[in-house]
Amino acid sequence: MPRFNESRRRLLQGLGASSTVLMVPGMAEAAKATKQPRGRVVVIGAGFAGATAAKYLRKWSDKGIDVTLIERNAEFISCPTSNEVLGGNRDYKTLVHSYDGLRKHWGVKLVRASVTGVDTEKKIVRTDTGGSYSYDRLIVAPGIDFMFDQIEGYDAVAQKTIFHAWKAGPQTLALRQQLEAMPDGGVFVLSIPKAPYRCPPGPYERVCQVAWYFKQNKPQSRIVVLDANDGIVSKGKLFQAAWANEYPGMIDYRPNWNVTGLDAPTKTVTSEVGDTFKGDVLNIIPPMRAGDIARQIGLVNVNDRWAGVNWTSLESTAVPYVHVLGDAVFAAPQMPKSGHMANQHGKAVASALIEIFSGREPRPMLMANTCYSMLDNKQGVHVASVHRYSPEKQVPLIVEGSGGVSNGPSIEEGRYAHGWAIQIWADTLT
Ligand SMILES: Cc1cc2nc3c(=O)[nH]c(=O)nc-3n(C[C@H](O)[C@H](O)[C@H](O)COP(=O)(O)OP(=O)(O)OC[C@H]3O[C@@H](n4cnc5c(N)ncnc54)[C@H](O)[C@@H]3O)c2cc1C
């Protein structure tokens, strides 16, 4: 990975969470100068991808496009920074954000319901509350769901006591409580699925946060990381250095350890080659795939897990007039499943639909990503990249020399990490 330097820092700041100008030059002006685009869009899922798409469709169409956003949860709960709750470095309440800004500032029609089906011929979305919503274009942004069936014994009963905490919410608090209840000298076991999964550096940040908590409160305790991958998936050298320097002797990292079995009562996991490991607190992150509703609509057409899209418009390659965003998508090469990238997908689809509703061809867009990780209570590191559409390959590819990783941890980057979170929540939701 190239080293981070000042010119890259400036480029990435320009492509940060609040920047829309570089991604779609002249978009708002173009929309105003020509006839105001009109159309009906229904969005399923108000996470980073869906909420951003809903907001920017309204904003860039000068409120000409009618947007209905259907979300099953009452509030937005942020996965980014949720590992800090596990480390005791953040109040859970700071993860929770209202959807009111989307309604009040942008006139997005918010519906609290779970989508149960879509008639893609008649273009109608149905919900568990009996609602039905017609669309010209549908956006599906349901995030991920877990493949519990890949781990024998991780059934509905086991899921009541063994948590993944890979969707922020009640499980974040429940896992924190288990860590608090664990006696000093106990063993915390974290299992990581084979990539691709949501947030490549996230599990390793979690290791740091739990290690920080143990170091302050339970210094005899150990962390065992069972990683199905053959090495640390993101920011490897930075995490390894942090583990060695800040938490010496505490972390036992085992690559190529794929958890395929669980015995919840004895808190024992089994690998695909029959190795076993027992812990005091287990945190099992199962393999994942596009959210269930994407599968139900028939959008999942890659490896039986992800939804393929045309990268000029994020329109599904399986079902016309339906666009898929965020973690549910079969990602372009080296494109992470992240909140920042989901936010960029949201802007890209808003841009594309405004073009389409204006009778023009959608234009490929530049997308950027930065993922910060907190190594303790103060120090942060990042990985960043910029992705540009390649007409030859028909996918976005990393712009050579555009990104990279931190030289090393710093308190300054810890501050940037917290600033990034505040900015992306605001950009997505208000
Ligand atoms: C511990 C952790 C740390 C992370 N840290 C970072 C970070 O620092 N930076 C970063 O960029 N990313 C981070 N991520 C990744 C980031 O959270 C995800 O990539 C991002 O949430 C994906 O956005 P999304 O909109 O695709 O999915 P989501 O945010 O999951 O949103 C999907 C929404 O759809 C809704 N939904 C699903 N199905 C239905 C249905 N049938 N009807 C109605 N609603 C439905 C869900 O309720 C949900 O609100 C982290 C993830 C984790 C787990």
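Guide: Two strands pair if DSSP finds at least two bridges between them. Strands are DSSP runs of E with at least two residues, helices are runs of H or I with at least four, and both are numbered from the N terminus. This is a predicted model: local features need pLDDT of at least 70, side-chain atom pairs count only at pLDDT 80 or more, and totals for chains, interfaces and linings use all residues. Residues are numbered from 1 along each chain as its sequence is written.

Visitor: How do you know that β15 and β16 pair?

Guide: Three bridges join β15 (residues 268-271) to β16. Pairing needs at least two, so the two strands qualify. They run antiparallel. Thr270 has Thr276 in β16 as its bridge partner.

Visitor: What makes β14 and β16 edge strands?

Guide: The open sheet has three strands, in the order β14-β15-β16, with antiparallel pairing. β14 (259-263) and β16 (276-278) each have a single partner strand, so one side of each has no neighbour in the sheet. On average, neighbouring strands here are turned by 25° against each other, direction ignored. The axes behind that angle are lines fitted to C-alpha atoms, and angles run from 0 to 180 degrees between N-to-C directions.

Visitor: Why is Val41 called buried?

Guide: Buried means 20 or more other C-beta atoms within 10 Å of the residue's own; exposed means 12 or fewer, and partly exposed lies in between, with C-beta atoms placed from the backbone. Val41 has 25, so it is buried. Its place is in strand β1 (residues 39-44). Across the chain, buried residues make up 50% of the 430 residues.

Visitor: How do you know how compact the chain is?

Guide: The radius of gyration is taken over C-alpha atoms, and the globule rule is 2.2 Å times the number of residues to the power 0.38. The chain has 21 Å, close to the 22 Å of the rule for 430 residues, so it is as compact as a globular protein of that length. Its C-alpha trace spans about 65 × 50 × 40 Å along the principal axes.

Visitor: Where does the ligand lie with respect to domain 1 and domain 2, and why?

Guide: Domain 1 (25-146 + 289-365 + 423-429) and domain 2 (148-287) both give residues to the shell around the ligand, so the ligand lies between them. The domain bounds come from an automatic or database domain assignment.

Visitor: What makes a residue part of that shell?

Guide: Its C-beta atom, placed from the backbone, lies within 6 Å of the molecule. 35 residues surround the ligand, and the closest are Gly45, Gly47, Cys79, Gly143 and Gly326. Elements giving two or more residues include α3 (48-60) and β24 (367-374).
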